[in-house]
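Trainee: I should like to understand how the terms used for this model are justified. May we take them one by one?

Mentor: Certainly; let us set each value against its definition.

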Amino acid sequence: GQTPAAAAAAAAHSSPAGEELELAPLPAVNYVDFGSIYLNEARSKGMCVANQGRFNFDYLWTRNAKAAALGPMLEVRGAQLGGTVRKGGEVKTSWVFRPVNSEVDLEGCEFTCTVAGKFEYVVRLRGKGLKPALHFGFSHHDFGPCFTTPPGAPPVEEETVLRITNQDPSKNLSLDCTFEDSRVLSVECPPRVLEPGSSVEVALKFTPRDLVDYDFSVPFLVNGSTTVKVGVKGSGIPARLELANPSHALVAFGAVGEGGDDAVRTVKVVNRSKRALAFELVDPPYLGGQGKLEARDVSVHPAGLTTLQPRESAAVELRFAPAKRFGAFSEDLMAKFAGYERKLLTVTGSATGMSVALEQDTLPFGTVCAGSQMTKPLVLANNGDLPAQFRWHSPSLGPHFSLSPLEGRVLPGNEQTFQVTFAPTREDPDVRQEGMRLFVDGAAPLLLTCLGSCVPHPEEAKSELIFAGKARRSSAQTITVANPTAKPWFLTPVLTGDHWKCAGSCEVPANGSTAFEVTYFPLEMTAALPTGGNEKPPLEGTLFFALPTGSALLYNLRGTAEAPDAEATVQVECAAKKITPVSLGLRNWLPTPQRLEVAIELGEGVDPSSTTVAGTPTVDLPGGGTFDYVVKLKALKHGGPCRAKVTLTNPRTGEFLLYHVEATVGEPGAHEEKVRLEAACRQVARHLITIDNPLPPGAPVTFEGGGEDGWWSCSDPCVRVVRLGEMAGNKEGTFQVEYRPLKPLASPAQADLEFRIAELGTYKYSLTLVALPPAPDPSLRFESPLGGAQTETFTFRSFYRGPTTYACSVGQPAYFTLVEGETKAVGGCGAEWGGEEVKVTVRFEPEALGAIEDTLVVSPTGDAEAPGAEHRVRLTGVCRRPQPQGPFDVPPGGQRDIPVRNVFAVDREYVFRVDHPAFSVGSPMATIKAKESINCQVKYAPEADHPPGQAVTAKLFVSCPQAPDMPPWVFYLHGTSQ
């Protein structure tokens, strides 16, 4: 035969000389070593099967399970694993080792070549697939919660560094990152070659944009064949720097005095984010680079960058130390964190201080005639924030000038008007008073200079004006001022006397004249007071004009005043029994405060027992001010106008104000007390109403209306009112409201109730009425033997006022019958609240043993018909076994009729039987109509051998063949001797 041979050519890397190694058959074992290669690299070995014999032979390559499990990582290429090698021929294959993904060790992989079916050659493989010796500092990195970047703000990047080192002692390794950068994650890793032992730092920058979780896989390509993936995670979270107490969003310092103690407020801020947060407090810039809060003398601490851990809080101190006065302000304090700049809180406050000034520091009066005076106003303005206490230095005013008031207080933002009077005591062409000092607490003294001149009165210029009128009513007179010069005059009239008024200036045209009006408004009466006393002297005053010609006009003013008219007649409309406030607008005609005493009188025809008008006994009026004085009017009865007079008198001067009040009193409204009555049909609900009696003890109380109950009315006929006791002479009256519904209501009904009392008027009440279904009526019970009957009566009361017919019915007329028919007519109870008694008779006649249940329904018909208003009476009947009857005496040779009744509602056939031969029946069977009776004839014929004088007893049995379960009726018979 032939001896096949196999040869293996070693790969160039493992066999640099390229020699062939001949394989030995079993039991020898051959080894092929691929050496160590990196993942994704390939190394191959050639294998040749040569036929050097004279015949063809077959071959077959097989591999063990471990070699088969490597799949594409260990492939045989070039030829089939089995086939035929012709003589002199050869089959070449290439074994390729290409590890991928993970490290591989060929130890344990084995191939077997079987030649000619009996020669085996075993080849065991050696070699390893290794990862590149490139060390990554980490394979996964979690940035954790990171703050998102607000739109339009510079990105806030989170960065980490990945160190990659070539740990191979001899080989250069190439590195490239194939990750495509995004707005969220960027990787700075350009392609490069790492020499043995060298390293590179790769920056990974994470910038979350949305509030979501991110998960990236960053691939690094090593040596162009191996991919190493690094996992990167992170999440976007909002940056939350908040006030620990949301109510501190407004920090109000209020008003703080300049130069006083500092005002300090402390608030807490808390980091509600999931990671540490660095923040900085920002004072928005103002003019000149100064912060807005700083410009308001507000300092903030902490001033620098502060970092808070999650849920950690920090105190923010705000200090307000105003160095000068300024008005109210409101500024925001901002917080800058995580790329945001947001408002943290709002600061408000103001710096208070003193700021007062006179409207003018020089006050000229012009010319004044001797004995006259001129008054001009001078205004002191308080533009500060604190009340100003002022006081004039009286000695500095001099002899010719006076001021009013000399001291007082001006509130912030208000003005005080001084009346400066120039009343020269002697003639002097130049009257001057300088250095008039006004002292103000907390401020420097204010100085005033007053100028004027005093000239004598010309006699020809004196005139007199006489006035007459009523107190506090205006009347006017006109004077004519002539100007004979060629230039217009601008005159300043000087008026004395509190009871006259005029314009503050008078313009007279050149070579013309002007009508100047003087108004007389007397502030007090000169006539005798209504309460008595003497007349007062006339009121006096003067009107002075200093003319540019050097002359003057002087008018002496005299006036009288009668009692004043009523200030007003106030007309109101009100409801009876309701207090109505009536406002009287009072005006103080004097510049000084007054206390007035109040007197109220009812008009003619107004009953004081049913009408009251009351108010406070005194009222204080501020000087020159107004006051709304309120009187309370209450009229118990409606009707015509109710009049009253209100007089307010100054007890010191006797001056008074008079007002008339006219009220039209309408119908009273419903009482505030809401009355709710709830009752079942034909049952009574009660409620007590109490009415106050303001009349004196001896006054009568008359209830209006005819009849006993004519003094009240109600829209619901099921309601009535009962007086409890007498109201006259008592402080109150008590009434009982009763409600008895005759039919149930689906929903509460409303009703109006009125009382009418002659002295006190009408009282109205609103009733809410609830009618429930009627309570169960009492039941009727019957008990009778079969064939017997029992009658019972149902008694009830009818509360319908008019004639009413009731329909009566039962459900089982075979057992229960209405003795008086199916209708019951009632005449009506009229006004009688107790109602009328009605009786319905029911007869129970059973036709079967046992208990029978039924219902008697008694319903009103006609206008009174209503669902639920009927009477429903439960009927319970019990039927016992029939009881024996008799004895019935029958004479010898005679007969006796015994009544037998058909208890059934249909015609039935009855059988008659006796148990003794001496007795016999006329007919052994009979048909009896429904609910009717017949007589059964029984005869007695004693036997011949019957001892004379001895009685015979027997029984008559009556049965119904159509009711076999029903026991027979038994009648005892007695045969007499005679």
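Trainee: What makes the contact between the side chains of arginine 432 and glutamate 434 a salt bridge?

Mentor: In this predicted model, the N to O distance between arginine 432 and glutamate 434 is 3.9 Å. A salt bridge requires a side-chain nitrogen of Lys or Arg within 4 Å of a carboxyl oxygen of Asp or Glu, so the pair qualifies.

Trainee: Why is arginine 432 called partly exposed, and why is glutamate 434 called exposed?

Mentor: Exposed means over 50% relative accessible area, buried means under 20%, and partly exposed lies in between. Arginine 432 has 45% relative accessibility and therefore counts as partly exposed. Glutamate 434 has 51%, so it counts as exposed.

Trainee: What makes lysine 470 and aspartate 565 a link between distant parts of the chain?

Mentor: The two residues are 95 residues apart. Lysine 470 belongs to strand E39, whereas aspartate 565 sits in the loop between strand E47 and strand E48. Their closest N and O atoms are 2.6 Å apart, and the pair forms a salt bridge. Lysine 470 is partly exposed at 34% relative accessibility, and aspartate 565 is partly exposed with a relative accessible area of 34%.

Trainee: Why is the pair of glutamate 738 and arginine 686 said to tie parts of the chain together?

Mentor: Glutamate 738 lies in strand E60 and arginine 686 in strand E57, so the salt bridge ties together parts that are 52 residues apart in sequence. The closest N and O atoms of this pair are 3.5 Å apart. Glutamate 738 has 4% relative accessibility and so counts as buried, while arginine 686, at 51%, counts as exposed.

Trainee: Which residues are joined into one network by salt bridges that share partners?

Mentor: They are Glu667, Glu754, Arg756 and Lys764. A search of the whole structure finds 31 salt bridges.

Trainee: How do you know that isoleucine 691 is buried or exposed?

Mentor: Its relative accessibility is 2%, and buried means under 20%, so isoleucine 691 counts as buried. Isoleucine 691 is part of strand E57 (residues 685-692). Not counting residues up to four places away in sequence, isoleucine 691 touches Met727, Lys731, Glu732, Gly733, Phe735, Phe755, Tyr763 and Tyr765.

Trainee: What is known of the largest nonpolar core?

Mentor: The largest nonpolar core has 55 residues, and those with the most contacts inside it include Phe755, Tyr765 and Leu767. Strand E62 (residues 761-772) gives the most to this core, with five residues. A second, separate core of 32 residues includes Phe147, Val251, Phe329 and Tyr340. In soluble globular proteins, nonpolar side chains tend to be buried together.

Trainee: How many disulfides are there, and why does cysteine 502 not form a bond with cysteine 506?

Mentor: The count comes to zero disulfides. The sulfur of cysteine 502 is 9.2 Å from the closest cysteine sulfur, in cysteine 506, whereas a disulfide needs sulfur atoms within 2.5 Å; the distance is therefore too far for a bond. Cysteine 502 is partly exposed, because its relative accessibility is 28%.

Trainee: Why does cysteine 936 lack a bond as well?

Mentor: The closest cysteine sulfur, in cysteine 960, is 14 Å from the sulfur of cysteine 936, too far for a bond. Cysteine 936 has 3% relative accessibility and so counts as buried.

Definitions and conventions:
Residues numbered from 1 in each chain as written. Predicted model: local features only at pLDDT ≥ 70, side-chain atom pairs only at ≥ 80, totals over all residues. Heavy atoms only, no water. Helix = DSSP H or I, 4+ residues; strand = E, 2+ residues; numbered from the N terminus. Buried < 20%, exposed > 50% of the residue type's maximum accessible area, 1.4 Å probe, protein only. Contact = heavy atoms within 4.5 Å. Core = buried A, V, L, I, M, F, W, Y, C linked by side-chain atoms within 4.5 Å.
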